[in-house]
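Hi,

Here is the structure I said I'd pass on. Have a look at it first, and my notes on what turned up follow underneath.

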Amino acid sequence: MCGIVGYIGSKPAQQILIDGLKRLEYRGYDSAGIGLHGGTKIKITKQKGRIAGLSDALPRDNPIETVGIGHTRWATHGEPNTVNSHPHLDYSGKISVVHNGIIENYGALKKFLIEKGCEFKSQTDTEVIANLIGYFYEQETDCEQDCFEWSVQKALNQVYGTYGLAVMCSDYPDVIVAAKKGSPLLIGVGDGENLIASDASAIVEHTKQVIYLEDDEMAIVEKDDVTIKTIHNKRIERELKEIDFSIEEIELGGYEHYMLKEIFEQPDALSTCLKGRLDMNNYKIILGGIENLSRQLTTAKRFILTGCGTAWHACLVGEYLMERLARTPVEVEYASELRYRNPIIEEGTVVIAVSQSGETADTLAAIEMCKERGATVLGVVNVVGSTIARTTDAGVYLRVGPEIGVASTKAFTAQVAVLTMMAIELGRRRHLDNARTEQLITDLNKIPNIINDVLKYSDMIKDISKECGDRENWLFLGRGYNYPTALEGALKLKEISYIHAEGLPAAEMKHGPIALINDGMPAVFIATRCSNYDKIISNIEEVRARGGKTIIIANEGDEEIERYADYLIRIPNVDDALEPLVAAIPLQLLAYHCAVLRGLDVDKPRNLAKSVTVE
Ligand code: AGP
């Protein structure tokens with residue numbers, strides 16, 4: 001994922017941009033660059049590879065420029081090399097652009113510009129934007145409004161696709177123009193300085209006051225002023241928001257990796273997520289963000305839960321919970337499929353969109369489509385003020401703080417916790433008897449402490465990873481509530497360790513995948529007392545009969561299981577509806593330790609750090 005940082009103020013911009021880009025490293029990139037406004041000229045430094053390399057390539061002799069833009073690129077159009085990195089200059093060298101997103105009609109625009117005599121150096125869609133702005137800038141010498149701003153508007157009105165943009169013009173040393181459509185962008189408002197970023201973590205050390213741009217909006221950012229307009233030149237008043245996390249929360253705090261830090265943060269993160277929401281006197285759940293819709297939710301005819309990747313796994317747990325506890329029809333859809341389908345959304349359908357970042361394009365598109373069809377859409381989101389949080393009708397925040405690790409860990413357990421609360425409350429209002437409601441709320445309140453106990457097995461899980469981490473194919477198997485947990489365990493291992501892993505409902509194994517099992521193949525079973533215990537034991541037998549190595553997550557005190565396990569990880573007994581919250585923890589640790597033992601960069605896995613070239 002690409003990242004943008006911009007600075008305009010009185011301090012030297014170079015180091016601020018480099019530090020901001022470093023804060024965005026976790027999003028993955030293949031090249032980076034910065035552009036500094038030298039008063040009459042824009043000086044670009046960019047290169048393939050790490051920000052540390054870019055930093056070394058920059059002049060050390062106290063750079064004085066106080067205006068600049070920076071970018072980390074994850075290649076989409078054209079290979080990851082220095083020429084394709086941002087910032088891009090237009091053919092005149094006056095306009096400089098950093099861009100996140102994809103310009104869909106860049107081919108047609110490029111043809112038009114070539115016909116006008118424009119020459120291109122890179123293969124990117126971004127250079128097309130730079131040249132289009134440059135083209136209009138050169139055409140218009142007599143515009144009523146500011147010519148630079150006007151040319152950006154004029155260009156953006158020709159563009160189809162998504163963008164988060166920061167643009168400088170060599171004739172305008174005191175302004176950066178930013179714009180947004182479908183790709184997050186915010187303006188950090190400081191004292192005598194302003195910043196631009198695609199992610200709040202890039203600027204939080206300078207200011208916590210921000211303006212979130214909406215789609216089709218632009219900001220004219222000066223040192224002491226920020227003006228917001230639409231790309232059709234209509235002035236907008238926008239209130240300041242406050243970033244809800246501190247700089248300390250995005251530091252490693254003594255941990256070797258963000259992923260490990262976030263795994264270990266889960267007891268505290270979940271306590272914060274549950275805090276004030278479990279009414280232990282009246283045994284009710286209080287979710288302030290959706291309270292106004294409680295009647296509509298109670299009478300809803302159907303729920304559609306949607307998200308991507310880990311969030312989709314949380315939705316699957318939500319389906320089991322809402323069906324079981326609230327006796328309500330639920331469908332779970334990949335947002336990436338839902339957005340292109342023609343779903344039937346009749347009256348009484350409520351959509352719940354789940355996302356850590358609140359910016360996932362597929363989830364956003366699915367939300368838009370469902371809203372257009374009349375559905376009420378709720379968000380279960382972590383990042384406060386994110387696009388999903390702002391575009392849904394109502395929602396519940398995860399409150400787990402920034403998740404920097406690419407592998408979603410604390411967000412997963414919090415997503416499950418929020419969906420659990422929703423299911424319990426819906427159940428309480430519909431069919432669930434008081435005793436069961438009380439018991440679930442009481443047990444849910446204990447989950448943070450239980451997770452704390454499970455984390456103590458980290459070293460033991462590391463030992464298992466030492467013995468099995470060299471195997472290239474793994475299976476993850478669970479039933480009932482723990483079938484989605486098995487999928488999540490497999491995804492974590494794939495994403496971080498690059499080990500091929502499949503997650504399956506355990507009973508499905510015999511319908512084909514059993515053929516994969518060979519000598520020593522690790523098969524991770526979630527075989528707690530609650531999850532169809534006897535049936536899962538037969539599945540374990542099937543694996544053992546074929547020489548597979550069993551890593552079993554079982555309950556404390558279960559002696560019977562010992563003879564089936566090559567490796568045993570104990571978790572405390574909890575209500576089966578709450579088990580995914582606990583069973584996910586050893587699986588996260590397993591993926592983490594396998595990756596580290598393989599010498600991999602856990603916080604920058606190759607699904608983000610390596611380029612994908614799309615021409
Ligand atoms: C999981 O570890 C992933 N990084 C990925 O599956 C992620 O959960 C997915 O891309 C959805 O992201 P979101 O929660 O920010 O919408």
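Let's start with arginine 341, which you'll find in the loop between α10 (335-338) and β20 (349-355). Keep in mind throughout that this is a predicted model. Arginine 341 comes out as partly exposed, at 36% relative accessibility. Setting aside residues up to four places away in sequence, arginine 341 touches Glu333, Met369 and Arg373. One of those partners, methionine 369, sits 28 residues from arginine 341 along the chain, and the two C-alpha atoms are separated by 9.5 Å.

Cysteine 370 belongs to helix α11 (residues 361-372). Is cysteine 370 buried or exposed? It is buried, with a relative accessible area of 0%. Once neighbours within four places in sequence are left out, cysteine 370 is in contact with Leu338, Ile345, Val351, Ala375 and Val377. For a sense of distance, the C-alpha atoms of cysteine 370 and isoleucine 243 are separated by 29 Å, with their positions 127 residues apart along the chain.

Since you'll probably ask about cysteines: how many disulfides does the structure hold? The count is 0. As a reminder, a disulfide is a covalent bond between the sulfur atoms of two cysteines. I looked at two cysteines with that in mind. For cysteine 2, the closest cysteine sulfur belongs to cysteine 308 and lies 18 Å away, so it is too far for a bond. For cysteine 594, the closest cysteine sulfur is that of cysteine 468, at 7.5 Å, which is also too far, given that a disulfide needs the sulfurs within 2.5 Å. Cysteine 2 counts as buried at 16% relative accessibility, and cysteine 594 counts as buried at 1%.

Now the helix packing, with α13 as the one to follow. Helix α9 (residues 309-326) and helix α13 (residues 410-430) pack with their axes 9 Å apart, at an angle of about 20°. That angle is under 35 degrees, so α9 is roughly parallel to α13. The crossing of these two, α9 and α13, is right-handed. On the α9 side, the residues that meet α13 include Thr310, His313, Val317, Leu321 and Leu325. On the α13 side, the contact includes Phe412, Val416, Leu419, Ala423 and Arg430. Sorted by class, the contact of α9 with α13 has 14 nonpolar, 6 polar and 1 charged residues.

α13 also packs with helix α18 (residues 579-597), at an angle of about 170° and with the axes 10 Å apart. Which way do these two run relative to each other, parallel or antiparallel? With an angle over 145 degrees, α13 is roughly antiparallel to α18. Here Phe412, Thr413, Val416 and Ala417 in α13 meet Pro580, Leu581, Ala584, Ile585 and Gln588 in α18. By class, the contact of α13 with α18 has 7 nonpolar, 2 polar and no charged residues. Phe412 and Val416 are worth clicking on: they are among the α13 residues that meet α9, and they are also among those that meet α18.

A few backbone details to check while you have the model open:

- Histidine 86 and proline 87 are joined by a cis peptide bond, with omega about 0°. Proline 87 is in the loop between β4 (67-73) and β5 (88-89).
- Aspartate 216 has a positive phi, near 65°, in a residue other than glycine. Its place is the loop between β11 (209-212) and β12 (217-221), and aspartate 216 is partly exposed, with a relative accessible area of 26%.
- Asparagine 233 is not a glycine, yet has a positive phi of about 70°. Asparagine 233 lies in the loop between β13 (226-230) and β14 (235-236) and is partly exposed, at a relative accessible area of 32%.

Last one: glycine 480, in the loop between β23 (473-478) and α16 (482-497). Glycine 480 counts as partly exposed at 22% relative accessibility. What does glycine 480 contact, leaving aside its neighbours within four places in sequence? The partners are Tyr320 and Asn532. Methionine 460, by contrast, is 20 residues from glycine 480 in sequence and 27 Å from it in space, C-alpha to C-alpha.

Cheers

Technical notes
Residues are numbered from 1 along each chain as its sequence is written. This is a predicted model: local features need pLDDT of at least 70, side-chain atom pairs count only at pLDDT 80 or more; totals for chains, interfaces and linings use all residues. Side-chain values use heavy atoms; hydrogens and water are left out. Axes are lines fitted to C-alpha atoms, for helices over the stretch in contact, and angles run from 0 to 180 degrees between N-to-C directions. Helices (H or I, at least four residues) and strands (E, at least two) are DSSP runs, numbered from the N terminus. Angles under 35 degrees count as roughly parallel, over 145 as roughly antiparallel, 65 to 115 as roughly perpendicular and the rest as oblique. A crossing is left-handed if the near helix is turned anticlockwise from the far one by less than a right angle, and right-handed if clockwise. Contact means heavy atoms within 4.5 Å. Ala, Val, Leu, Ile, Met, Phe, Trp, Tyr, Cys and Pro count as nonpolar, Asp, Glu, Lys and Arg as charged, and the others, Gly among them, as polar. Buried means under 20% relative accessible area, exposed over 50%, partly exposed in between (1.4 Å probe, protein chains only).
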